[in-house]
Amino acid sequence: MIKVNLIYPIILCCCLAAVPQVRAKHLLEFIAESANNEIEKQVETFDFSSCQIYCYGPLLHTVQMAKLFPDSKTFVDMKLKASPEKTMELFEAFMASANNTPSNDQIRKFVDDNFGAKGTELEVWTPTDWVEHPAFLDLVNDPDLKQWGVDLNNIWKELGRKMKDDVHKNPEYYSIIPVPNPVIVPGGRFIEFYYWDSYWIIRGLLYSEMRDTARGMIENFMSIVQRIGFIPNGGRVYYWGRSQPPLLAGMVKSYVDFTKDDRFAINALDVLEHEFEYFINNHSVQAKGYNLAVYRDSSKGPRPESYSEDIETAATFNTDEDKENHYSELKSAAESGMDFSSRWYINDKGTNVGNLSVTKTRSIVPVDLNSILYWNAKIIAEFHAKAGNVEKMTEYETKAQKIKEAIQAVLWNEEAGCWLDYDLINEKPRDYFVTSNLAPLWVKAYNISDTDKISASVLNYIEKNKLDTFPGGIPNTLYQTGEQWDFPNVWAPLQYIIIEGLDNLGTPDAKQLSKRWGHRWVKSNFAAYRDSRAMFEKYDAEKFGGHGGGGEYGVQKGFGWTNGVIIEWLAKYGHEISLSNTGAAGPSSRFLSLLGVTAVALIGAFAGHLIW
Amino acid sequence: MKRNAYLWLLNLLILAASSPGSGYSANVLAFQRSDISLRKDVRDYLNAISPAEWTEFLASGVDSINRQKRLEDTLLNSDITVKNGTLSHTQLLDTLPNEQSKLDSEIALKILKGSLFMYNSKCLPRGISGDECRTFLATKPLPEGSALSVECKRLLNSPRTGHHAFRRLLPRHYKDGFHEMFGEDKLPGAWAISMALYDRDSDARPRTGARRAPSADDSEHSNLVLVQFAQFVEHDMSKPVSQSMSNGYSIECCNRNQNNLQPRFHHPLCAPILYNDKNNWPNCLNYVRSALAVGERCTFGAAEQLNQATGNLDLSQLYGITDVAERKMRTLTNGALKSTSNENLLPMSPDDEDHRFCAWDISANATTCFIAGDSRVNSSPLSILIYTIFMRNHNRIAAELLTRHKNWSDEQLFQAAKAVNIDIYRRIVVREWLVEVLGNEAAAEVLATPPASADERLSEVSNEFAVAAIRFYFSMLPNVLHNLAATNEVISSNNNILPLTNLFELKNEIYKPQLQYTSKKLNEILLSLLHERAMKMDPFYVGAIVWHEPTKPTHADVLAFDIQRGRDHGLQPYYKYLEACGNKKTIAGWADFEAVIPKKIVDKLRSVYRSWRDVDLLIGGISEQTVDGTVGPTFKCILAEQFSKIHQRHQQRKWPTDDTLLRAYSSINGTKLLCLNSDMVSVPQNIFRLQSNSNSLVKCNDIV
């Protein structure tokens, strides 16, 4: 049974000797619990036959190590021309004919002969529920920001994708995971749907009054849970061993909050519970005697979409076992959504200094994951309350309280005045600033009675780390390693988590800081858009209106979650932000007139473009 | 916006033309400074920034640079730094920073970063332009007592020779008004321009002109001595150097395969030169942003690039820019410079442990590597030759002086010989070479520049001169140097074109001296330099110095490098200089270029650039039709401006040595210099032109 195959490697890889027994118990419970339900039957269909091409195996290895394409993801997104089995036969024959040492040109020819262009399984799709003038635009006063809102609403049409019929008929010819409804993708190299990205995309869609599209995406995820038991990182078979921060419950809640469609909430309960249990079962560890979750991956080998890169970083390890462990750490970091970051580094001195090779994701208890799991339990309890199921409601309230207690006991750090990730190897908190340290504020995973104290502590923590000195937003960490989830990169979802978190905290100081940072984020994103006519995947803390870099691919444009956050904040702050109230900026100009030389308010770098 | 943005004020120098009829007008142009006036509301707003905030901006700048150290450690651990023997090593030797430059640059970079924090926090969100913001910042002293302020002042009070900032003829031109280069969203890539301009046909054409019998036609033709003197003068006056990591290591922006590095390994100071191959893999040539100099007043503001050379014709490329460097070149007996091979060759550094002079790697097993005051001595055999001639000249003079002044100390002999050597060099550069480059009229105007008053601040070298105008000579370099010594007589009465053998191929010799260097070999090189026609100055560079295929490069592309460096240094586009040099005639389109650039080339440029406003200064400059001299009007204007400043310096700063001593050698001109310091039998009267009916050969025996 596939599910067991999926889970066993996790248990075997686990570095804490005491934990497997705990895990095994959970696993058995899980299997027993789900033994008779419908989900269980479909779990057995979790067998992507295209995985032998796209997830592992000699063909993947040979092609990816030839480095045919500047972006390793290109190959694994290409379509097969023959069935996977037939293609493997052709590949074996090809290797034999080349004495197992084909040249790069020969490999390129093999790929050309047997694979079609990437991304051909998806076609651009204009959402059928798209509206020209969603109501959030009426909340925006500044005419330039309003025009920007119009542009962002238009971008949904560029990011809409629908699977061709052939994908449903012949899924084994593709790496894409078939889903019933069209989706909004992040953009750039990310041409398929992604799990946690979709939370902010869906919120943006809801503000843009595209409820059908939003619901369709949620239903896609639910269908995936029903088929394979969990939601992979993104919509490709090669993500089969990792999920992402579990925000499906948050998506459903967002939808229900917008639509008041309680029936949808109640109908989602089975799937939400199932997904929640998946995470708990497959990710939990014990720290200081409490059950908490870590990020994990259950597959073997390098990340298929960054195959040669992983082989290269693993070159510092001598044994296959060490290499395999390293791949697991990297894929676990990918599951966290923060791939990669000094956040996951533990060197032999127990600090975060080093490079990718000291990535120890599986040994770090993350603040954000546990906060999100707490929130999942709360949402499920809430939905059970809607259904009038007091027993289930109580059960999930209890689960939520347990997680909250564990967060308070293990992750809250009185000395730092903030929550900190916990290092299981050295059994100590990791006193390094990461945006996710503030995640409990967002989902209120703390004792509400402690609000004032937490507010004072957290604001002090912000001050101490000089987080307010960066004109381009709060950097993900303060450590510049070259990895994309480190300094100076700034990411929309984490800005959202912090700024909404401070707002939720509700004290005057926290709310004031939240608003200032929210305004700054909107203005800085606008400046970047004005200069480049693009929304970026990541931004630069040191630059007002500058985009980010680093990592293993160039900065991407589009961009789903960035747009979602801005649309929500245009709705939230639009009535009070003005670009022309700056006194120094001279007469206001209209954004539409940007291509004219009269854009006095928009001097800066833009002036350079025009004059010279 | 343009209306008020720049107020063109008269430069002091023009005012100083108190003798209006001095003939100092047309070609030797004084560039006008532009001052930006701040609007009152902007000034009030910025004045309201508190001292605590200023301190914080600076602290943020320092933090920012300190944060990079983590990345730099990772780069070093991943072995991403310039490795010996690589293409990047060759490029590095052209721009090799010394310790003092590294120190200067790091401090300047911190100040720049602090200024950028202010700009991004206060100006940009308010819609205050980079130009305005920068202008305000330059009035703001670094916070008193801050570590950076202390370091900055200490630097200013230390000897500044060899680390002054380049001067600007026109205001800086950056995306943010400070330091950010324009990207490929605005400008075509440097390498793409170089590739587009490469002319396969003309590069393939055999060059046989040198072997023709002298004719009237040749009288106008420059030889390669002119080209090589341009480089020698450049080495003397200008050396932009690369920035380094804080740990002192050099920065590498490409991987071992000459492909783009993964973004995670991208150093913030990298601006690699990229061009996609047929499979869309970006081929890569290293380019690291130039080192910055600490400004003259320790204020906030935008930084200027550092010139690791003396802005003066003083043979510092041979002697070194500091006393310490100079001592390394001296034997410390009898006033002589070090040499090898019976005083015939430059001193050698076979082990060159730090790989500071030659781009050999350890396994190369090479033994030849010359040393001089400048790391660029080995940039080609032609370069080695000219350095050698001046080394020989010094030692010849020192020996002569010794015979006449037996009681002089080493120091006396050395200083006297150096003074004479420099005097001879200056005379040849200014009186002979400059005339060939600028033409008679412009050269005369340069020499008519009135001396600067004694207290006037001496002008530094201009950015436009250093990274654009003086680089014209690369356009005139050939792929190979032919061996003209095969037949003894250069003057051949028949017009037959003889098959030529090559002395060397240039691309094999760049920073890798492979020839068997002997006195005889240098003589052969000199013979060829004198009698090979220089190529025309135009935008077509030979294959030896550009990489024109979308394949993995095995040598650098000097044209792409120069384009990139011009952008790094924030030069204005070509048309701005054309306007400034042409007395503000406004350029309004491609057609206006046709007055100075052949139409065929304008058409070529139109296919490369999206707008005439984008054409890089270097590209416009080398595209211009030469009028008289060897360069077009815009480069002539920039070169003349620089040499008039140099000439002012020469007049102001008299050499301490006895005038009578210099006078004793005042008859030595180019011809005599070459005759006295080589085994040539005869050289042309004008050493910068091919021999011709009007430029006859002079027998060395007759003149020395």
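This report describes the secondary structure, selected packing and some backbone features of a predicted model with chains A and B.

Local features are given where pLDDT is at least 70 and side-chain atom pairs count at pLDDT 80 or more, while totals for chains, interfaces and linings use all residues. Residues are numbered from 1 along each chain as its sequence is written, and chains are lettered from A, with ligands numbered from 1, in the order in which they are written.

**The two chains**

Chain A holds 24 helices and 14 strands, and the secondary structure of chain B comes to 28 helices and eleven strands; helices (H or I, at least four residues) and strands (E, at least two) are DSSP runs, numbered from the N terminus. Of the 612 residues in chain A, 54% are buried, and of the 704 residues of chain B, 54% count as buried, where buried stands for 20 or more other C-beta atoms within 10 Å of the residue's own, exposed for 12 or fewer and partly exposed for the range in between, with C-beta atoms placed from the backbone. Among the contacts between residues at least 6 apart in sequence, 72% in chain A join residues at least 24 apart, and the corresponding figure in chain B is 77%; a contact requires C-beta atoms, placed from the backbone, that lie within 7 Å.

**Helices**

In chain A, helix 13 (residues 248-259) and helix 14 (residues 262-283) pack at an angle of about 175°, with their axes 10 Å apart. Axes here are lines fitted to C-alpha atoms, for helices over the stretch in contact, and angles run from 0 to 180 degrees between N-to-C directions. Helix 13 and helix 14 of chain A are therefore roughly antiparallel, given that angles over 145 degrees count as roughly antiparallel, under 35 as roughly parallel, 65 to 115 as roughly perpendicular and the rest as oblique. On the side of helix 13, Leu248(A), Ala249(A), Val252(A), Tyr255(A) and Val256(A) take part, and they meet Asp262(A), Phe264(A), Ala265(A), Ala268(A), Leu272(A) and Glu275(A) in helix 14. The residues of this contact divide into nine nonpolar, no polar and two charged, where Ala, Val, Leu, Ile, Met, Phe, Trp, Tyr, Cys and Pro count as nonpolar, Asp, Glu, Lys and Arg as charged, and the others, Gly among them, as polar.

In chain B, helix 25 (residues 633-652) is mostly covered, with 17 of its 20 residues buried. At 1.5 Å a residue, helix 25 of chain B should span 28 Å, and its end C-alpha atoms are 28 Å apart, which agrees; the expected span is 1.5 Å times one less than the number of residues.

**Strands and hairpins**

An open sheet of three strands in chain A has the order 3-4-5, with antiparallel pairing. Strand 3 (122-124) and strand 5 (183-184) stand at the edges, each with a single partner strand, so one side of each is left without a neighbour in the sheet. Two bridges join strand 4 (residues 160-163) of chain A to strand 5, and Arg161(A) has Val183(A) as its bridge partner in strand 5; strands pair if DSSP finds at least two bridges between them.

Strand 6 (residues 284-287) and strand 7 (residues 290-293) of chain A run antiparallel and are joined by four bridges, with Gln286(A) opposite Asn291(A). They form a hairpin with two residues between the strands. In chain B, strand 4 (residues 273-276) and strand 5 (residues 282-285) pair in the antiparallel sense over four bridges, with Tyr275(B) opposite Asn283(B), and this hairpin has five residues between the strands.

**Backbone features**

Most residues other than glycine have a negative phi, and most peptide bonds are trans. The table lists residues with a positive phi.

| Residue | Phi | Place |
|---|---|---|
| Lys260(A) | near 55° | loop between helix 13 and helix 14 of chain A |
| Lys288(A) | about 50° | turn of the hairpin of strand 6 and strand 7 of chain A |
| Asn280(B) | near 70° | hairpin of strand 4 and strand 5 of chain B |
| Asn334(B) | near 55° | loop between helix 13 (323-329) and helix 14 (381-404) of chain B |

Lys260(A) counts as exposed because it has 8 C-beta neighbours inside 10 Å, whereas Asn334(B), with 16 such neighbours, counts as partly exposed.

Chain A also contains cis peptide bonds, including the one that joins Asp339(A) and Phe340(A), with omega about 0°; Phe340(A) lies in the loop between helix 16 (320-336) and strand 8 (364-365). The peptide bond from Phe487(A) to Pro488(A) is likewise cis, with omega near 0°, and Pro488(A) is found in the loop between helix 20 (451-464) and strand 13 (489-490).

Technical notes
Two residues are in contact if their C-beta atoms, placed from the backbone, lie within 7 Å.
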